[in-house]
Amino acid sequence: MLPQKRAGRPRWVSEETIRSWVEFLKYRVIGAEMDKGILFKILLYVILINVAFIYIKPILYMVTTMVKDAKNILDPTVIWVPKSLYFGHLAEATRLLNYVKSFMISVSLSAAVSVLQIFSCAVAGYAFARLDFPLKNLWTVLLLFTFIMPPQVIILPSIMLFKGFGWMDTVLPMVVPALFGHGLKGAMFVIIYRSFYSNLPKELDEAARMDGANGVKLFFRVMFPLSKSAIVVVLLFSIVWNWNDFYLPSIFMFTAQNVPLSITLARLAAELKLAAGAGEMTVYGESIKMAAAFLIIFPLLIVYFFAQRWFIEGVERTGLVE
């Protein structure tokens with residue numbers, strides 16, 4: 001009979017080595033807690049990279065398309081990285097957009113609405129959070145209703161109202177409502193301020209009133225200076241949404257000559273489509289549209305690049321992450 005081999009671990013593997021490998025797999029790879037192991041981190045990074053690529057892909061396509069010349073556009077082997085760079089499309093898009101004038105109109109409109117919403121929505125949010133007034137619960141419900149109600153529901157009465165005022169083809173239908181805490185996404189900004197002021201301690205109100213401060217002084221000297229994080233969030237949201245908004249300017253300024261960039265981009269796309277339908281075939285149409293889109297979003301990228309730290313801190317402190 002052949003001698004049987006003894007089952008078990010090899011002699012060169014010690015118990016201490018086995019114990020160290022078990023601890024490595026348990027605490028480093030798998031993790032004593034689910035969110036501490038290497039496997040969880042790898043899975044997390046894979047998900048984050050895929051989600052980030054979904055948002056970055058359109059920007060990469062826009063940038064690579066706008067720098068392609070005719071040779072690269074007609075070459076089927078060139079998909080993402082062009083073999084040569086051509087920046088003439090940016091100059092052509094600047095001319096077609098009437099960029100300088102439209103840029104100043106967009107900046108003026110976004111700045112005016114955002115500054116007005118910072119103050120008016122702060123006052124409304126403070127009232128909902130800290131003051132008692134008749135039918136407060138009813139007004140809170142109506143505030144939430146205006147937040148979830150689409151603007152298309154009230155656009156026809158708004159057109160009739162502003163047409164009666166003689167405000168059509170001007171920026172007044174978008175600027176004046178912001179003075180009263182309304183405007184684009186005004187209800188959301190009121191809710192942001194309300195959430196922020198609700199989390200402040202009540203002792204601030206009591207201490208200020210003991211010093212003789214009334215409601216107005218309490219707001220402007222205590223509450224509003226403390227709401228810097230909420231101000232940053234409202235400011236950036238308002239600027240971005242008013243800069244990119246196409247619906248309201250297209251309704252109230254559809255026959256105006258001087259319009260913001262969102263309208264000039266739509267007119268540019270319509271002109272290129274009309275030219276293509278008339279038989280004026282050109283290989284540069286897509287590249288010009290991508291260059292025009294890049295010129296519009298580039299200022300927002302610059303703003304976010306410098307303000308991202310304050311924006312993230314403001315979102316956390318205002319409770320939006322909850």
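Buried means under 20% relative accessible area, exposed means over 50%, and partly exposed is in between (1.4 Å probe, protein chains only). Keep that handy for the exercises below.

This is a predicted model, in which local features need pLDDT of at least 70 and side-chain atom pairs count only at pLDDT 80 or more, while totals for chains, interfaces and linings use all residues. Residues are numbered from 1 along each chain as its sequence is written, and side-chain values use heavy atoms, with hydrogens and water left out.

**Exercise 1. Find out which stretch of the model has a pLDDT below 50.**

Step 1. Start with the term: pLDDT is the predictor's confidence in each residue, from 0 to 100.

Step 2. Look at the whole protein: the mean pLDDT is 84, and 85% of the residues reach 70 or more.

Step 3. Now the stretch itself: residues 1-5 have a pLDDT below 50. Beyond near neighbours in sequence, this stretch has 0 contacts in the model (a contact means heavy atoms within 4.5 Å).

Step 4. Where pLDDT is low, the predicted coordinates should not be read in detail.

**Exercise 2. Describe the secondary structure and the surface of the protein.**

Step 1. Count the elements: there are 15 helices and 0 strands. Helices (H or I, at least four residues) and strands (E, at least two) are DSSP runs, numbered from the N terminus.

Step 2. Check burial: 34% of the 322 residues count as buried.

Step 3. Add up the outside: the accessible surface is about 21100 Å², and 69% of that belongs to carbon and sulfur atoms. Such areas come from the Shrake-Rupley method with a 1.4 Å probe; for residues, only the protein chains shown count as cover.

**Exercise 3. Place I56 in its helix and decide whether I56 is buried, partly exposed or exposed.**

Step 1. I56 sits in helix α2, which covers residues 38-66.

Step 2. With a relative accessible area of 41%, I56 is partly exposed.

Step 3. I56 also belongs to a nonpolar surface patch of about 1200 Å², whose members include F53, Y55, Y61 and W80. A patch is made of residues with over 30% relative accessible area and no salt bridge; like charges are joined within 9 Å, and nonpolar side chains (Val, Leu, Ile, Met, Phe, Trp, Tyr) within 5 Å.

**Exercise 4. Work through the salt bridges of R95 and E286.**

Step 1. A salt bridge is a side-chain nitrogen of Lys or Arg within 4 Å of a carboxyl oxygen of Asp or Glu. The whole structure holds 5 salt bridges.

Step 2. R95 pairs with E92, with the closest N and O atoms 2.5 Å apart. They are about one helical turn from each other, because they lie 3 residues apart in helix α4 (residues 88-97). R95 is exposed at 54% relative accessibility, whereas E92 is partly exposed at 28%.

Step 3. E286 pairs with K289, and here the closest N and O atoms are 3.8 Å apart. Both lie in helix α15 (residues 285-318), again 3 residues apart, about one turn of the helix. E286 is partly exposed at 35%, and K289 is partly exposed at 29%.

**Exercise 5. Identify the helix that gives the most to the largest nonpolar core.**

Step 1. A nonpolar core is a set of buried Ala, Val, Leu, Ile, Met, Phe, Trp, Tyr and Cys residues joined through side-chain atoms within 4.5 Å.

Step 2. The largest one has 29 residues, and Y193, Y197, F219 and F224 have the most contacts inside it.

Step 3. At least two residues each come from α5 (99-130), α9 (186-198), α11 (215-226), α12 (228-244) and α15. The helix you want is α9, with 7 residues.

Step 4. Zoom in on Y193: leaving aside neighbours within four places in sequence, its contacts include I118, C121, A230 and V234.

**Exercise 6. Say where N98 and K185 lie, and what their phi values are.**

Step 1. Most residues other than glycine have a negative phi, and most peptide bonds are trans.

Step 2. N98 is not a glycine, yet has a positive phi of about 50 degrees. N98 belongs to the loop between α4 and α5 and is partly exposed at 41% relative accessibility.

Step 3. K185 has a positive phi near 60 degrees. K185 is in the loop between α8 and α9, partly exposed at 43%.
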